[in-house]
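Reader: Please take a close look at one part of this structure, the salt bridges. I would like to know how buried or exposed their partners are, and what surrounds them.

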Amino acid sequence: MRIDKYLKVSRLIKRRTVANEVADAGRILVNGKPAKASYAVKEGDLIEITFGNKPVRVEVLSTEAPSGKDVAREMYRVLEEQ
């Protein structure tokens, strides 16, 4: 799954176009390296999103699209949030 779609489906970012813009601006790091919107997310990847002045680090637990919004939080685990 592409990282822009993953961020939208997991509800870390509300809209895919916003996720795309954040990735193009270089504010998404995957395993410590900048990632474009087309990056294919894998289980175990560490994603760091600098959104405004609030960086968030998460670990990808699943890339399967959830069946409902209640289980979207099960797609990742928050490691660090400021």
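Author: Arginine 2 is partly exposed, with a relative accessible area of 36%; buried means under 20% relative accessible area, exposed over 50%, and partly exposed in between, using a 1.4 Å probe and protein chains only. This is a predicted model, in which local features need pLDDT of at least 70 and side-chain atom pairs count only at pLDDT 80 or more, while totals for chains, interfaces and linings use all residues. Residues are numbered from 1 along each chain as its sequence is written, and side-chain values use heavy atoms, with hydrogens and water left out.

Arginine 2 forms a salt bridge with aspartate 4 (a side-chain nitrogen of Lys or Arg within 4 Å of a carboxyl oxygen of Asp or Glu). The closest N and O atoms of that pair are 3.1 Å apart. Aspartate 4, by contrast with its partly exposed partner, is buried, at a relative accessible area of 1%.

Aspartate 4 also pairs with arginine 16, with the closest N and O atoms 3.3 Å apart. Arginine 16 lies in helix 2 (residues 16-24) and aspartate 4 in helix 1 (residues 3-9), so this salt bridge ties together parts that are 12 residues apart in sequence. Helices here are DSSP runs of H or I with at least four residues, strands are runs of E with at least two, and both are numbered from the N terminus. Arginine 16 is partly exposed, at 34% relative accessibility. Arg2, Asp4 and Arg16 are thus linked in a network of salt bridges.

The search of the whole structure finds three salt bridges, one of them between arginine 77 and glutamate 59, whose closest N and O atoms are 2.0 Å apart. This pair links distant parts of the chain, since arginine 77 is in strand 5 (residues 76-81) and glutamate 59 in strand 4 (residues 54-60), 18 residues apart. Arginine 77 is partly exposed at 43% relative accessibility, whereas glutamate 59 is buried at 18%.

Nonpolar residues are a separate matter. The largest nonpolar core (buried Ala, Val, Leu, Ile, Met, Phe, Trp, Tyr and Cys residues joined through side-chain atoms within 4.5 Å) has 21 residues. Helix 1, helix 2 and strand 4 are among the elements that each supply at least two residues of this core.
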